[in-house]
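Here is a walk through one sheet of a complex. Start from a single strand pair and work outward.

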Amino acid sequence: MKGILLIARVHLITAFRERVTLFWFLLFPMFLLVVLTLIFSGLGNGGSTNFSVAIVNMGPSTGGATDFAALVESVFDRAATPSEPGKEPLFSLVKPAPDEDKDAFIEREQKAVRLGNLAAVVVIPPDFNQQLMQSIAGTGAGDASVNKIVVYQDEANAGSQMATSIIKQIISGIDREILARTGKFDEQKDIPTDTIWIGNASGELPYVDFLLPGIILMGFFVTGLFGVPGAILFARDRQILRRYWVTPLTTPRYLAGFALGHVGLCVVQFFFLYILGRFAFGASVNFAQPAPILFLLLGSVTFLAFGFFIASLAKTPNAGMAIANILNMPMMFLGGLFFPVGGLPLVLRIIVFINPLTYLSDGLRMSLGVEAGTFSLPMTVGVPLAWILVCVLVASRRLKWDVER
Amino acid sequence: MRSFKALLHAELMTVLRDKATLVFTFIFPVLFILIFGFLMGGDTGAQTAHVGLVVSSGVSSEALEQVIADVGTLDVAHYADQTLLEDAMGDQKVDFGILWDGNKLSFIYDPGRVQDNYTFQELAQGIGAAFSLRYQDVSPVLSIDKIHIGKAAATDWFNLVVPGILAFSILSAGLFAISGHLTAMKERKLLDRLIVTPMRPVMLLAAIASIRLAIVYISTLLTLFIAIAVLHLTFPVNWFLYTVFVAAAAFGSMGFGTAIALLVRRPSSASNIANILSMVMMFLAGIYFPMEIMPSYMRMISKGLPLTYMAEAMRFATGVTDMSLARFWAITIGLVVSGLVLFPFLARYVVRADRN
């Protein structure tokens with residue numbers, strides 16, 4: 001037992017002494033958690049997203065209740081005011097100077113959109129109030145085709161598209177307000193809407209709760225994929241293993257110690273990522289339940305076996321790292337850790353369906369109640385177990401424990 | 001000149017024999033394009049969402065379906081009940097669902113689709129608002145007229161991402177080429193042997209740079225053509241600007257790579273630092289996510305990264321976005337100057353005998 005514990009300790013200490021190991025196993029998953037959470041958790045919530053938008057009213061300001069152009073401008077002004085101190089407003093508005101030629105302003109700001117310096121230009125047409133009044137006063141419903149606020153945007157620019165989409169919602173809200181004010185639309189008869197979340201979810205899932213299990217599994221995956229073949233092949237190449245074999249240490253005991261060290265590394269990884277997710281970003285997923293713990297353990301063991309599988313395929317440490325590098329990206333991104341993987345072409349779907357990460361991430365998220373789950377429980381457990389079996393079989397037949405003489 | 005030719009030949013053979021470098025230079029950018037392309041919907045059109053509709057028996061859904069059809073980017077599939085709809089959503093056959101019982105509209109989302117739900121909720125909000133008006137036989141009096149004023153060909157999100165990935169692959173190839181290669185030569189004592197010959201260090205650097213430039217250029221072309229063929233994209237490339245920029249960007253990146261080679265001894269450390277730097281830059285340089293959705297301090301970091309400007313200039317050279325020519329040349333010349341300053345200057349300290 002002492003030998004096993006010593007090997008586990010050696011494995012852990014070696015991993016933590018390597019600065020590069022520390023980066024890839026600990027800092028990179030933490031970096032990814034921070035970056036993706038900061039980017040996506042604020043999406044659509046305001047406070048961190050900011051679009052530069054130009055707005056120009058081409059008509060004269062008439063004032064009064066029928067100055068709808070002024071109403072539109074005021075709504076945009078509100079969107080350009082931070083919702084609370086210290087937060088960013090949704091829009092940074094650019095307006096023409098009082099004596100500036102409006103056509104020249106539009107031309108300049110259109111160029112800014114094309115250059116990517118501005119998300120959109122909103123132009124309220126010169127006869128906007130008049131046309132709108134005519135539409136409202138007309139028989140029956142108004143005619144929206146003549147009351148269009150022009151939005152210049154760049155469809156290739158995702159920021160511009162998002163800003164336009166928000167502008168569309170704002171205009172839709174103003175439309176309802178105008179129709180309600182003029183008695184065309186009865187807000188009392190408005191069709192009620194509600195939101196239902198599938199599965200056990202009671203509300204919208206915070207992004208960090210979705211991401212954290214994926215990042216933890218990614219950490220385990222990277223540890224197995226790079227750490228295991230790295231440690232085994234370098235130890236073999238530098239004849240460290242040979243020295244072990246002249247001691248009373250047997251291969252099974254070495255393996256037990258190595259596996260214990262690997263699981264320990266995963267525990268440390270989990271601890272750091274969980275602390276970061278919980279206390280920096282308010283993650284509320286509860287890992288302290290039997291099912292998530294079993295899935296995490298299954299993940300750790302699956303990638304340990306997978307690491308041995310890689311080690312058994314490579315003759316040198318560099319070859320092992322090359323194989324790991326090649327497998328890393330497709331497996332990571334086609335495992336549903338960060339993006340949904342439905343609707344892929346057949347070739348990529350094959351990778352998705354044979355990828356243990358797909359089942360582990362699905363099972364872990366399902367057990368945490370953050371996802372309804374695509375696969376059945378036996379699949380999410382059975383496929384990783386099958387991988388463990390295949391990897392152990394291949395590794396036990398192919399892996400050489402000493403350098404060839 | 002003869003020694004230069006010999007060095008060129010040696011470099012070429014080294015690169016061609018180095019399978020790992022070939023895989024990373026040629027296969028990885030293509031993998032990035034394909035994986036992200038299909039994940040983000042590059043093959044089917046990223047803007048189409050699939051909505052599942054459940055209508056209670058005896059209730060008319062004609063107006064609602066008309067409103068959904070008016071959105072223009074939604075495919076509708078009908079389900080007999082909520083359970084079947086939720087199953088389809090669980091299998092990701094449907095993006096979000098709508099229940100209409102004649103009195104109330106319920107929108108159903110999958111909480112696991114956290115990155116997409118923002119878009120689905122926006123679509124649902126638009127459907128709800130339009131249906132409310134139509135239900136009272138009222139038409140909107142106000143709408144927006146979207147006018148695309150960007151480049152004509154660049155109407156797909158992926159048009160923007162592909163040049164970003166090209167810029168990223170140039171950066172990583174440049175960083176790895178010099179840092180990994182020179183430190184590997186150092187470790188194998190090849191530099192010690194070469195510098196006792198009449199070869200001038202600058203010749204070695206020129207040979208490395210020439211071969212790597214050619215490899216990077218071919219790799220970007222291959223990636224671009226595969227993106228065009230597989231994702232059916234159009235790029236009105238300005239080949240002159242493209243060629244000049246790829247050369248400048250690769251050269252500039254080699255300069256940054258030389259700085260890494262100066263800092264470390266082992267090729268594995270150099271590769272790791274290059275890997276770490278390029279990975280960090282990839283996430284912060286606005287290649288996959290628009291910078292507008294990043295917090296302000298991350299936007300500031302992004303503006304300090306060379307990859308941000310490389311991606312910007314590459315988008316211009318591939319005809320995706322506009323840019324003033326002055327800005328394009330400023331970025332290009334900036335990269336050349338970085339290469340000129342860092343590459344030969346620092347390389348003097350890298351290409352020298354290892355006294356240890």
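In this predicted model, A:Thr193 has B:Leu105 in β4(B) as its bridge partner. That pair belongs to a junction between two chains: β5(A) and β4(B) run parallel and are joined by five bridges. Strands of a sheet pair through backbone hydrogen bonds, in parallel or antiparallel fashion.

B:Leu105 also has a partner in chain B. It is the bridge partner of B:Trp100. Here the strands are β3(B) and β4(B), which run antiparallel with four bridges between them. They form a hairpin, with four residues linking the two strands. In the turn, B:Gly102 has a positive phi of about 95°.

Now look at how β4(B) is covered. Five of its five residues are buried, so the strand is largely enclosed by the rest of the structure. Side chains in a regular strand alternate between the two faces of the sheet. On one side of β4(B) sit B:Leu105, B:Phe107 and B:Tyr109. On the other are B:Ser106 and B:Ile108. Both faces are covered.

Move on to β3(B). Strand β1 of chain B (residues 49-55) runs parallel to β3 of chain B (residues 96-100), and five bridges join them. B:Val51 stands opposite B:Phe96 in β3(B).

Put the strands together. The order is β5(A)-β4(B)-β3(B)-β1(B)-β2(B), an open sheet of five strands with mixed pairing. β5 of chain A (193-197) and β2 of chain B (74-78) stand at the edges. Each has a single partner strand, so one side of each lacks a neighbour in the sheet. On average, neighbouring strands are turned by 25° against each other, direction ignored.

Helices pack on this sheet. Helix α3 of chain B (residues 62-71) lies across β1, β2, β3 and β4 of chain B, at about 150° to β2(B). Helix α4 of chain B (residues 82-90) touches β1, β3 and β4 of chain B, and also β5 of chain A. Its direction makes about 170° with that of β3(B).

How far does the predictor trust chain B? The average pLDDT is 82, and 90% of the residues score at least 70. Among the elements of chain B, helix α12 (residues 306-317) has the highest mean pLDDT, 93, and helix α2 (residues 19-39) the lowest, 75. Residues 42-46 of chain B fall below 50. Beyond near neighbours in sequence, that stretch has eight contacts in the model. Where pLDDT is low, the predicted coordinates should not be read in detail. For the complex, the predictor gives an ipTM of 0.74 and a pTM of 0.78.

Notes: Residues are numbered from 1 along each chain as its sequence is written. Chains are lettered from A and ligands numbered from 1 in the order in which they are written. This is a predicted model: local features need pLDDT of at least 70, side-chain atom pairs count only at pLDDT 80 or more; totals for chains, interfaces and linings use all residues. Side-chain values use heavy atoms; hydrogens and water are left out. Two strands pair if DSSP finds at least two bridges between them. Axes are lines fitted to C-alpha atoms, for helices over the stretch in contact, and angles run from 0 to 180 degrees between N-to-C directions. Contact means heavy atoms within 4.5 Å. pLDDT is the predictor's confidence in each residue, from 0 to 100. Buried means under 20% relative accessible area, exposed over 50%, partly exposed in between (1.4 Å probe, protein chains only).
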